[in-house]
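Trainee: Hi, could you go through a structure with me? I'd like to get a feel for how the pieces fit together.
Mentor: Happy to, let's bring it up.

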Amino acid sequence: VHAINPIYAPHNIFLKCIATDTSQYDLWGKLICSNFKISFITDDPMPLQKFHYKNLLLGEHDVPLTCIEQVVTVNDTKRKQKVLGPNQKLKFNPTELIIYCKDFRIVRFRFDEAGPESAKKVCLAVAHYSQPTDLQLLFAFEYVGKKYHNPATVNGIDPGGGGSGSGQQTPLFETYSDWDREIKRTGASGWRVCSVNEGYMISTCLPEYFVVPSSLADQDLKLYSYSFIGRRMPIWCWNHSNGSALVRMANIKDVLQQRKIDQRICNAITRSHPQRSDVHKSDLDKCLPNIQEIQAAFIKLKQLCVNEPFEETEEKWLSSLENTRWLEYVRSFLKHSAELVYMLDSKHVSVVLQEDEGRDLSCFIASLIQVMLDPYFRTIVGFQSLIQKEWVMAGYQFLDRCNHLKRADKESPLFLMFLDSIWQLLEQYPSAFEFSETYLTILYDSTRISLFGTFLFNCPHQRVKQSTEFAISKNIQLGDEKGLKFPSVWDWSLQFATRDRMLFHNPWYIGKSAPCVQNGSVKSFKRTKKNYSSTLRGIPPSLKNGLINEQEFLPRRNSLILKLKPDFLQQMDSQANSMEQYFREWFSKPVDLHGVILPRLSGTHIKLWKLCYFRWVPEAQINNGGFITAFHKISVLTDQVDMLNQSLRQYKSSSSLQVNCSELDQSRMYFRANGLNDNAGTPDFLSSSFPFSPIGNLCRRSILGTPLSKFLSGAKIWLSTETLANED
């Protein structure tokens, strides 16, 4: 895939892209608007631009239309400014166009050499195409329509694939067999795949196939479904090896039947448990922030990161960040999920997540719980299958929550907050996750690319209904297909070349087993708890607002840290409840990367995801530093280890095994070692925003150094050693 051809006639005009305050590095070029993206094309040399990865669908200065949040036109001479909506008129001649993006970018263009009418046309075109009034006007429909009419001419994209670009398929959970495999993978013996919703006959916001207790007959499900909001009856999410299950359901709207139906559902879940354990119900609406509160926090966070000059807010940055409540909400979701992990893992009871409609907070909590409990969901394919299962197929309203049609009343960044929570776990336990924070950031970006059907709809039924209507209007013959097949976001080869996809891989990750050569044959080295370094865990949380109380500062077993309270176990409060005991014991042991992981929740452990929120703010970036420098060193070291393993295998193995080793010629790391003794320094182009914000990016002014470095350089002028010597 090299590009997507614009379907509408493009509007183009010569203009200048503002790069810096001094205008020294402004670029001249042409702005093209299609129904997929706006593209800024320039022939000017860009000595300061160093882009680190290339999206095959988007150029260096392209913005997908679904990523545009607001279009603002400005007239400098008349001092007028207008926010443009669709089908609006522009009474003044614009001298500047400002585009506010959902990924925190601000892109500015000036019409210094363009005629007034041309400037008006391009502003109105961007406003019109970026704010479609109907779902079927989004680019994916037009693209797939062309694909069905003439498959050979549309870039060779195979719609509907779930591949990751590496040959491993992500289950889409659109079929009976995908759910059945998940039941077998988790060992859920008391559960079955239900097909009662085939053709969406029962509920339009549930998938056609889902898992229910084996003791519930289809006839019972049909009868009970009328009592649930949206007819969203209880659906199974996951099973623990001890038999306890994770279930989610909407609230029961029939007050008269509520107690009776609730009891029958709980009895069925109990019968599906091998020990017939009780059911623990969690009302998410009562114990977590709602989607409106999360949206309000996000707006404050965006204002802090985007709208105000960074250097002007630096003095009060921490208090301003706290006032957004964003990190507070992230902590509350992590904390509640950890408490439910305790119920499943320690108490051996099944957990039912209850929510009004059962398609917002329950997506978030169900996914977090499974990531904490199941190492499969901490791999790339496993994590993608989790999102497909708990968000896409379970009816999370991506169309409304991502606000693809610019109807702000239902917008809420719940999915972003979920990815933020996963990033918090990745930050705390880097060796437990196969994917990197770059992967999480690109995944967030992909929700706003309107080619993929994955994050385009409110539910699977909407995809089928809307695409069928579109197919009829365009005379597309569907045959036996249930609606059009849109390209899947999980086929990353559509967006990135093989080398760029290596940025997804976390070099710290420790897999389930590592190959080892012994007596000329390859054997599998199984890691156990004793093989893990106790230094991986770090200090257990000891501050307020965490799961562990202040006095519960436990040293780790076999730790190098001095035992501050050797008689602590004897002094432990005998009245501490079992949940506190569970967390206390867990944090006192070395981490098992392939077992349960729990979040640290004290103030020092919940951090701002800077790569995602600060990547377009040069003032907040660290040139030649930040997390990426460690990423670079570890990647090179990991590549050297792979090279050494390959050399050992080629030396000791038979000729038949040498053929298999040829597969290792391609490194899995983005940064590769030149040899086994490679001691190369950190590349000059690295910054804490890698791989997103280029040096001298076009979105905001570009400066060298931060306000702090400005202060330090200025301090040399007025603060001399003589002044210091005269101080008392």
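Trainee: Starting in the middle: is the crossing where H11 passes H14 left-handed or right-handed?
Mentor: H11 passes H14 in a right-handed crossing. Bear in mind throughout that this is a predicted model.

Trainee: And at what angle do the axes of H11 and H14 cross?
Mentor: Roughly 20 degrees, and the axes come within 10 Å. An angle under 35 degrees counts as roughly parallel, so H11 is roughly parallel to H14.

Trainee: Which residues in H11 and H14 meet there?
Mentor: From H11 you have Leu-361, Phe-364, Ser-367, Leu-368, Val-371 and Met-372. They meet Leu-414, Met-417, Phe-418, Ser-421, Ile-422 and Leu-425 in H14. By class, that contact has 10 nonpolar and 2 polar residues, with no charged ones.

Trainee: What about H11 and H12, how do they pack?
Mentor: H11 covers residues 361-373 and H12 covers residues 380-392; they pack at an angle of about 150 degrees with their axes 10 Å apart. Since over 145 degrees counts as roughly antiparallel, H11 is roughly antiparallel to H12. The crossing of these two helices is right-handed.

Trainee: Which residues make the contact of H11 with H12?
Mentor: On the H11 side, Cys-363, Phe-364, Ala-366, Ser-367, Gln-370 and Val-371. H12 brings Phe-383, Leu-386, Lys-389, Glu-390 and Trp-391. They divide into 7 nonpolar, 2 polar and 2 charged.

Trainee: Back to H14 for a second. How do the axes of H14 and H15 cross?
Mentor: At roughly 180 degrees, coming within 10 Å; H15 is residues 437-446. That makes H14 roughly antiparallel to H15. Phe-415, Leu-416, Leu-419, Ile-422, Trp-423 and Leu-426 in H14 meet Glu-437, Leu-440, Leu-443 and Tyr-444 in H15. The classes there are 9 nonpolar, no polar and 1 charged.

Trainee: Let's zoom out. How many helices and strands does the chain have?
Mentor: There are 24 helices and 16 strands. The chain has 728 residues, and buried ones make up 55% of them. If you take contacts between residues at least 6 apart in sequence, 71% join residues at least 24 apart.

Trainee: How many residues are in the largest nonpolar core, and which have the most contacts inside it?
Mentor: That core has 156 residues, and Trp-326 and Phe-383 have the most contacts inside it. Helix H10, residues 326-345, gives the most to this core, with 12 residues. A second, separate core has 26 residues, including Leu-31, Phe-40, Leu-84 and Val-122.

Trainee: What is Trp-326 in contact with, leaving aside its neighbours within four places in sequence?
Mentor: Ile-294, Ala-297, Phe-298, Leu-301, Pro-413, Leu-416, Met-417, Asp-420 and Tyr-613. You've already met Leu-416 in the contact of H14 with H15, and Met-417 where H11 meets H14.

Trainee: New topic, a couple of glutamines. Is Gln-428 buried or exposed?
Mentor: Buried: Gln-428 has a relative accessible area of 6%, and buried means under 20%. Gln-428 is found in helix H14. Not counting residues up to four places away in sequence, Gln-428 touches Leu-598, Pro-599, Arg-600, His-605 and Ile-606.

Trainee: And where is Gln-70 found?
Mentor: In strand E5, residues 68-75. Gln-70 is partly exposed, with a relative accessible area of 34%. Beyond residues up to four places away in sequence, it touches Val-83, Ile-98, Ile-99 and Tyr-100. Gln-70 and Ala-127 are 57 residues apart in sequence, and their C-alpha atoms are 8.2 Å apart in space.

Trainee: Now the backbone. What is phi of His-348?
Mentor: Near 60 degrees, a positive value in a residue other than glycine. His-348 sits in the loop between H10 and strand E14 and is partly exposed, at 34% relative accessible area. Phi of Asn-403 is also near 60 degrees, but Asn-403 counts as buried, at 7% relative accessibility. Asn-403 lies in the loop between helix H13 and helix H14.

Trainee: Last one: which residues does the cis peptide bond join?
Mentor: It joins Phe-690 and Pro-691, with omega about 5 degrees. Look for Pro-691 in the loop between helix H22 (655-661) and helix H23 (707-718).

Conventions
Residues are numbered from 1 along each chain as its sequence is written. This is a predicted model: local features need pLDDT of at least 70, side-chain atom pairs count only at pLDDT 80 or more; totals for chains, interfaces and linings use all residues. Side-chain values use heavy atoms; hydrogens and water are left out. A nonpolar core is a set of buried Ala, Val, Leu, Ile, Met, Phe, Trp, Tyr and Cys residues joined through side-chain atoms within 4.5 Å. Buried means under 20% relative accessible area, exposed over 50%, partly exposed in between (1.4 Å probe, protein chains only). Helices (H or I, at least four residues) and strands (E, at least two) are DSSP runs, numbered from the N terminus. Contact means heavy atoms within 4.5 Å. Axes are lines fitted to C-alpha atoms, for helices over the stretch in contact, and angles run from 0 to 180 degrees between N-to-C directions. Angles under 35 degrees count as roughly parallel, over 145 as roughly antiparallel, 65 to 115 as roughly perpendicular and the rest as oblique. A crossing is left-handed if the near helix is turned anticlockwise from the far one by less than a right angle, and right-handed if clockwise. Ala, Val, Leu, Ile, Met, Phe, Trp, Tyr, Cys and Pro count as nonpolar, Asp, Glu, Lys and Arg as charged, and the others, Gly among them, as polar.
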